[in-house]
Amino acid sequence: MKASALVLTVAAASGCGTSGTPEQPVAAKPKTVSVAAATDHFKAAVDKFDTDGGCLEQAVGTCWSQMTAVMGPARTLRKAMNADKTVGPEFWTGAYALINTMEKGIAVGQDKGAGTFSNRPDVLGSAHKLAVWLDEHPVS
């Protein structure tokens, strides 16, 4: 009897079989947003960009905040697509390609302006194409 009590005491002291204490909380698993919610959030960001008038200035650096405002929801959408098990990854091929193009444009680290070497079409043009792709490929 004493041996089993010792085992239980050691197990309890080591944290075995416990869900954590205030001193040692169990790490919460990060929540993944559903594809539907991520799609809505992404499309709302694209709509806001359009409603606000898009990139009003041609000069370099004047559209960076708008570019990052659509990139964040695109990244969340990609995470939701990765976690979605209702369709296979091949279903998302077109969407992944557009998000990858957006990433290529944002990787420059700044808005290059509306000139010849602009990264706006990669980020913002692809964002609009992705919004259309999502309309054409709904997932329930």
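**D111**

I began with D111, which is buried, with a relative accessible area of 0%. I was working in a predicted model. I placed D111 in the loop between α4 and α5.

What does the side chain of D111 reach? I found the backbone nitrogen of T62 at 3.1 Å. I also found a polar contact of 2.7 Å that joins the side chains of D111 and R120.

I then listed the neighbours, leaving out residues up to four places away in sequence. D111 touches A59, V60, G61, T62, C63, W64 and M67. It also touches N119 and R120.

**The disulfide**

C63 was on that list of D111 contacts, so I checked the cysteines next. How many disulfides does a search of the whole structure find? I got 1. C55 and C63 form it, and their sulfur atoms are 1.6 Å apart. I noted -45 degrees about the S-S bond, which makes the link left-handed. Are C55 and C63 buried or exposed? I found both of them buried.

**Aromatic pairs**

I searched the whole structure for aromatic pairs and found 3. In one of them, F91 and W92, the ring centres are 4.9 Å apart. The planes of F91 and W92 stand at 85 degrees, so I logged this pair as edge-to-face; the cut-off for that class is over 60.

I looked up accessibility for each partner. F91 is partly exposed, at 27% relative accessibility. W92 is buried, with a relative accessible area of 1%.

I followed W92 to W133. Their ring centres are 6.0 Å apart, and their planes are at 40 degrees, so the pair is tilted. Which parts does this pair tie together? W92 lies in the loop between α3 (64-83) and α4 (93-106), and W133 lies in helix α5 (residues 120-136). The pair therefore ties together parts that are 41 residues apart in sequence.

W133 is buried too, with a relative accessible area of 11%. I entered F91, W92 and W133 as one aromatic cluster.

**The nonpolar core**

I turned to the largest nonpolar core, which has 29 residues. Which residues have the most contacts inside it? I noted F42, V70, M102, L124 and L130. The elements that give two or more residues to this core are α2 (35-51), α3, α4 and α5.

I picked L130 for a contact list, again not counting residues up to four places away in sequence. L130 touches F42, L77 and A95. L98, I99 and M102 complete the list for L130.

**Helix α4**

A95, L98, I99 and M102 from the L130 list also turn up among the buried residues of α4. I wrote down the buried set for α4: A95, Y96, L98, I99, M102, E103, G105 and I106. What covers them? I found that the cover includes α2, α3 and α5.

Last, I checked the length of α4. At 1.5 Å a residue, its 14 residues should span 20 Å. The end C-alpha atoms of α4 are 20 Å apart, which agrees.

Notes
Residues numbered from 1 in each chain as written. Predicted model: local features only at pLDDT ≥ 70, side-chain atom pairs only at ≥ 80, totals over all residues. Heavy atoms only, no water. Phe/Tyr/Trp six-rings, centres within 6.5 Å; stacked < 30°, edge-to-face > 60°. Buried < 20%, exposed > 50% of the residue type's maximum accessible area, 1.4 Å probe, protein only. Helix = DSSP H or I, 4+ residues; strand = E, 2+ residues; numbered from the N terminus. Disulfide = S-S within 2.5 Å. Core = buried A, V, L, I, M, F, W, Y, C linked by side-chain atoms within 4.5 Å. Contact = heavy atoms within 4.5 Å. Polar contact = N/O pair within 3.5 Å; in protein donor to acceptor, adjacent residues only side chain to side chain. Expected span 1.5 Å × (residues − 1).
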